[in-house]
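This report covers the nonpolar cores, a surface patch and one backbone feature of the structure shown here.

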Amino acid sequence: MADVNLFGSIRTTLPFIPLIRASEGRMVFVSSILAFVYVPNLSVYSVTKRAVEAFADCLRVELATFGVKVCIIEPGNFGSVTKVLREKAAEEIWNQFNDEHKKMFNQEYLHIITNYVNTQLRAGNKNINLVIDAMVDALVSPTPHTRYLVDNRMNKSFFFMFPYLPTCVADSFFACSGIYRKRKSMLFSKQVQ
């Protein structure tokens, strides 16, 4: 995941910096709302997106004196319309596990998590034009935003405030979730065959 999300962004950006600087051009990076909101089971994804944001922020400051603008698009859950993720069956995932993973994640837990993720995918934002409009604005606006947080109003409000919450309050969102209350009793427990 890091090879595409992070290192791919870096590898494709660095060779073009001289041209972008010479033309006072623009760079637009696609990150995610999850760059600054931690969600259990998505740690690697969140880390790569946060690193992309750090890279873009550094470039924005470094290249500002050359008239280069750097923007970041931060989409929410558009998984159902982008097809970046597809729904999977628990059995499909279980069959890809090695013995160590099968000891850690029993099948019952895997079914619960798979159902949860699939439900989230189906519930995602269906209006991909929100992301496209943000990208177009970042590319053509005379005064583009530094960041484009793209989601519905309720999610934008939540994701905007989440990083500023005390850690104990932010963590409580997960502690209150039914899935994560079951997690401790189900991980490292006897396999369900």
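A residue is called buried under 20% relative accessible area, exposed over 50% and partly exposed in between (1.4 Å probe, protein chains only). This is a predicted model, in which local features need pLDDT of at least 70 and side-chain atom pairs count only at pLDDT 80 or more, while totals for chains, interfaces and linings use all residues. Residues are numbered from 1 along each chain as its sequence is written, and side-chain values use heavy atoms, with hydrogens and water left out.

Glu24 counts as exposed because its relative accessibility is 55%. Glu24 sits in the loop between H2 and E1 and, although not a glycine, has a positive phi of about 50 degrees. Most residues other than glycine have a negative phi.

A nonpolar core is a set of buried Ala, Val, Leu, Ile, Met, Phe, Trp, Tyr and Cys residues joined through side-chain atoms within 4.5 Å. The largest has 13 residues, and Met27, Phe29, Leu59, Leu63 and Val70 have the most contacts inside it. The elements below each supply at least two residues of this core; helices (H or I, at least four residues) and strands (E, at least two) are DSSP runs, numbered from the N terminus.

| Element | Residues |
|---|---|
| Helix H2 | 17-22 |
| Strand E1 | 26-30 |
| Helix H3 | 43-63 |
| Strand E2 | 69-75 |

H3 gives the largest share of this core, 5 residues. A second, separate core of 9 residues includes Phe97, Phe105, Tyr109 and Tyr180.

Phe160 belongs to helix H9 and counts as exposed because its relative accessibility is 56%.
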